[in-house]
Amino acid sequence: MSTTNMATSSNYWEDLRKQARQLENELDLKLVSFSKLCTSFSSSSSNRDQQTRDSRSDSAGSFQDNMLLAMTTELEQLLTNLTAVNDKMVGYTNTPGASSHNAALMHTLQRHRDILQDYTHEFHKTKSNFHSLREREDLLGSVHRDIESYKSSTGVNNRRTELFLKEHEHLRSSDSLIDNAISIAMATKENITFQRGVLKSIQTRVTTLANRFPTINSLIQKINLRKRRDSLILGGVIGVCTILLLLYTFH
């Protein structure tokens with residue numbers, strides 16, 4: 001009876017190991033497919049231009065979402081089943097009949113538990129990375145749609161803004177030209193003021209010299225009188241010639 005129980009227990013253990021290996025193989029294949037699907041989805045989304053992404057049909061997006069959802073559910077179920085098998089293996093190692101092979105059983109159990117932990121970690125990591133990329137894509141898409149909506153709704157305002165900016169640039173150019181003209185005028189005024197000061201200084205010196213030397217003052221007065229006389233004579237000649245020319249013209 002004892003031999004029969006040991007054989008039954010051994011068969012039960014081997015059946016659990018067989019179930020665990022089968023689930024682990026399925027998980028390995030499913031995780032590879034799940035990772036490829038997430039990578040291909042995120043790559044196609046990132047490489048696709050925004051216009052194509054916005055015009056993507058709802059049926060295509062729903063199909064991909066359904067595939068991801070179905071594969072996620074299947075992987076979660078496989079992990080749950082493998083966890084249950086591992087729990088049964090733990091329960092088996094605690095039975096009195098398995099104490100003689102406890103070291104070997106614990107080694108095998110630990111290996112299966114490590115595999116379960118690795119698969120669980122990989123699944124959650126891939127799932128988390130995909131959701132992060134999906135959220136980023138949705139955020140960028142939302143921002144792009146908001147920008148396009150703003151551009152389309154404010155097209156006229158943008159045109160007016162451009163005109164205002166151009167007018168502003170023209171005004172700035174005019175202000176710059178006016179500033180340059182004012183600077184030139186101020187420089188000219190300063191130059192004239194300086195020249196007037198120089199001429200006034202020269203006149204003062206000449207007047208001083210004339211007062212010191214009466215002969216020179218008398219000579220200067222004679223020169224001025226002669227200039228006035230010559231001016232009067234020249235003016236009279238020009239006036240007579242003008243009158244004669246007018247009389248000749250009208251007669």
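This passage walks through the fold, the salt bridges, the surface patches and a few single residues of a predicted model.

The overall architecture makes a good starting point. The secondary structure of the chain comes to six helices and zero strands, and from the N terminus on the elements run α-α-α-α-α-α. The chain has 251 residues, of which 18% are buried. Its accessible surface comes to about 19,200 Å², and 59% of that surface belongs to carbon and sulfur atoms. The contacts tell something about how the chain is folded back on itself in space. Among contacts with a separation of 6 or more, 81% are between residues that stand 24 or more positions apart.

Salt bridges offer a way to see particular helices side by side. The count comes to three salt bridges in the model. One of them joins glutamate 74 and lysine 30, with the closest N and O atoms 3.1 Å apart. Glutamate 74 belongs to helix H3 (residues 58-93) and lysine 30 to helix H1 (residues 2-47), so this pair ties together parts that are 44 residues apart in sequence. Glutamate 74 has a relative accessible area of 36% and is therefore partly exposed. Lysine 30 is also partly exposed, because its relative accessible area is 27%, and the class of partly exposed residues runs between 20% and 50%.

Another salt bridge is formed by the side chains of lysine 127 and glutamate 76, at 3.2 Å from N to O. Here lysine 127 lies in helix H4 and glutamate 76 in helix H3, so the pair ties together parts that are 51 residues apart in sequence. Lysine 127 counts as partly exposed because its relative accessible area is 22%. Glutamate 76 is partly exposed as well, with a relative accessibility of 33%.

The side chains of arginine 172 and glutamate 169 also meet in a salt bridge, with 4.0 Å from N to O. This pair sits within helix H5, and because the two residues are three apart there, about one helical turn separates them. Glutamate 169 has a relative accessible area of 44%, so it counts as partly exposed.

Two patches can be picked out on the surface. A patch of negative charge gathers Asp28, Asp114, Asp118 and Glu122. Helix H4 gives the most to this negative patch, with three residues. Aspartate 114, one of the patch members, has its place in helix H4. With a relative accessible area of 33%, aspartate 114 is partly exposed; patch members need over 30%. The other patch is nonpolar: Phe194, Val198, Leu199 and Ile202 make up about 410 Å² of surface. Isoleucine 202 lies in helix H5 (residues 155-212). This isoleucine 202 is partly exposed, at 45% relative accessibility.

Helix H4 deserves another look through some of its single residues. Threonine 108 is found in helix H4. Is threonine 108 buried or exposed? At 12% relative accessibility, threonine 108 counts as buried, because buried means under 20%. Leaving aside neighbours within four places in sequence, threonine 108 is in contact with Trp13 and Arg17.

Arginine 113 also has its place in helix H4, which covers residues 102-153. In contrast to the buried threonine 108, arginine 113 counts as partly exposed, at 42% relative accessibility. Which residues does arginine 113 touch, not counting those up to four places away in sequence? They are Asn86 and Val90. Arginine 113 can also be placed relative to threonine 83: the two are 30 residues apart in sequence, and their C-alpha atoms are 8.4 Å apart in space.

A further pair links sequence distance with distance in space. Serine 35 has its place in helix H1 and is partly exposed, with 28% relative accessibility. Between serine 35 and lysine 125 there are 9.9 Å in space, C-alpha to C-alpha, although the two are 90 residues apart in sequence.

Key: Residues numbered from 1 in each chain as written. Predicted model: local features only at pLDDT ≥ 70, side-chain atom pairs only at ≥ 80, totals over all residues. Heavy atoms only, no water. Helix = DSSP H or I, 4+ residues; strand = E, 2+ residues; numbered from the N terminus. Buried < 20%, exposed > 50% of the residue type's maximum accessible area, 1.4 Å probe, protein only. Contact = heavy atoms within 4.5 Å. Patch = residues over 30% accessible without salt bridge, like charges linked within 9 Å, V, L, I, M, F, W, Y side chains within 5 Å. Areas by Shrake-Rupley, 256 points an atom, 1.4 Å probe, with all protein chains shown as cover. Lys, Arg positive; Asp, Glu negative; His and termini not counted. Charge placed at Lys NZ, Arg CZ, Asp CG, Glu CD.
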